[in-house]
Amino acid sequence: MPVKIRLQRHGKKGKPFYWIVAADSRAKRDGKFLEKLGTYNPNTNPATINVNVDSSVQWLSNGAQPTDTARAILSYKGVLMKHHLLGGVRKGAFTEEQAEEKFQAWVAEKEKSVAAKVDGLDKAQADAKAKALEAEKEFSEKRAAAALPEVEEAAEEVVEESTPVVEEVAAEATEVAEEVKEEVAEAVEEVKEEAPAKVEAKAEEAAPEASSEEE
């Protein structure tokens, strides 16, 4: 029975998520499989890959053929490297312990490379965010600077329009004050003119009362 190591699609529309499986090459792509070997999520950066290395190597040793995409994933995770090293062990080129040591050294170097890539992506993302904020700030400053002359012009128009009104109100207030002042002056004069007559009238009223008391 020819066996293929291939991807089986899962996940939502627009966000695919894949299982890495060993399946009969005659089976449907998303149908039955012989063994699930791992997962592949291309929605992250870098892509998230989990692979059972030993099981994958065993299937390769049994003659399973990976598809192009599956081969690239297995190579990325070191499956092909370990399969090659075990081939060297079978040929007597080196011992199994030496093969495992070489494989672990390769894995450590690969993890270091991936970590450096992640750090680079994080730094690039932070730089892009900083540049976006700076560009937004610059745009806001330019927009504010462009709007300033319009604000000043509008303020000048308001001042120009309000000045005649203020002057008119001030003139009316002055006129009213003058009228009040004149009315007060006239009232004072009337009081002054009427005061002697009132005093004499009061004196005449008091005179008969005094005469009657003397009698």
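F103 and W106 are three residues apart in helix α4, which puts about one helical turn between them. That spacing is a handy way into this structure, which is a predicted model. In general, an α-helix has 3.6 residues a turn, so residues three or four places apart point the same way. Here, F103 and W106 form a stacked aromatic pair, with 6.5 Å from centre to centre and 15° between the planes. Are these two residues buried or partly exposed? F103 is buried, at 6% relative accessible area, while W106 counts as partly exposed, at 23%. F103 has another neighbour too: the charged end of K82 sits over its ring, 5.1 Å from the centre.

**Rings elsewhere**

How many aromatic pairs does a search of the whole structure find? It turns up three. One of them joins W19 and F33 edge-to-face, with centres 6.0 Å apart and planes at 90°. This pair links distant parts of the chain: W19 belongs to strand β2, F33 to the loop between β2 and β3, and 14 residues separate them. W19 is partly exposed, with a relative accessible area of 23%, and F33 is also partly exposed, at 33%. W19 has a charge over its ring as well, since the charged end of K36 sits 4.0 Å from the ring centre.

Here are the two charge-over-ring arrangements just described:

| Charged residue | Ring | Distance to ring centre |
|---|---|---|
| K36 | W19 | 4.0 Å |
| K82 | F103 | 5.1 Å |

**The sheet**

Now for the strands. In general, strands of a sheet pair through backbone hydrogen bonds, either parallel or antiparallel. In this model, five strands make an open sheet with mixed pairing, in the order β4-β3-β2-β1-β5. Which strands are at the edges? They are β4 and β5 (65-66), each of which pairs on one side only. Take β3 and β4: they pair in the antiparallel sense over four bridges. N41 has T48 in β4 as its bridge partner.

T39 is part of strand β3. Why does T39 count as buried? Its relative accessible area is 14%, and buried means under 20%. Leaving out residues up to four places away in sequence, T39 touches F17, Y18, W19, I20, T48, I49 and N50. So W19, already met as a ring partner of F33, is among the contacts of T39.

**The core**

In soluble globular proteins, nonpolar side chains tend to be buried together. The largest nonpolar core of this model has 23 residues, and those with the most contacts inside it are I5, I20, Y40, V51, W59, I73 and V79. Elements giving two or more residues to this core include the strands β1 (3-12), β2 (15-24), β3 (35-41) and β4 (48-51), along with the helices α1 (53-61), α2 (68-76), α3 (79-91) and α4 (96-214). Which element gives the largest share? That is α1, with four residues.

V51 shows how such a core residue is surrounded. Not counting residues up to four places away in sequence, V51 touches I20, L37, G38, S56, I73, L74, K77 and V79.

**A look at α1**

The buried residues of α1 are V53, S55, S56, V57, W59 and L60. At the N-terminal end of α1, N52 acts as a cap, with a side-chain oxygen 3.4 Å from the backbone nitrogen of D54. Just after α1 comes G63, which takes a positive phi of about 100°.

Methods: Residues are numbered from 1 along each chain as its sequence is written. This is a predicted model: local features need pLDDT of at least 70, side-chain atom pairs count only at pLDDT 80 or more; totals for chains, interfaces and linings use all residues. Side-chain values use heavy atoms; hydrogens and water are left out. A nonpolar core is a set of buried Ala, Val, Leu, Ile, Met, Phe, Trp, Tyr and Cys residues joined through side-chain atoms within 4.5 Å. Buried means under 20% relative accessible area, exposed over 50%, partly exposed in between (1.4 Å probe, protein chains only). Contact means heavy atoms within 4.5 Å. A polar contact is a pair of N or O atoms within 3.5 Å; within protein, one must be able to donate a hydrogen and the other to accept it, and residues adjacent in sequence count only if both atoms are side-chain atoms. Rings of Phe, Tyr and Trp (its six-membered ring) pair if their centres lie within 6.5 Å; planes under 30 degrees apart count as stacked, over 60 as edge-to-face and the rest as tilted. A charge sits over a ring if NZ of Lys or CZ of Arg is within 6 Å of the ring centre and within 35 degrees of the ring normal. Two strands pair if DSSP finds at least two bridges between them.
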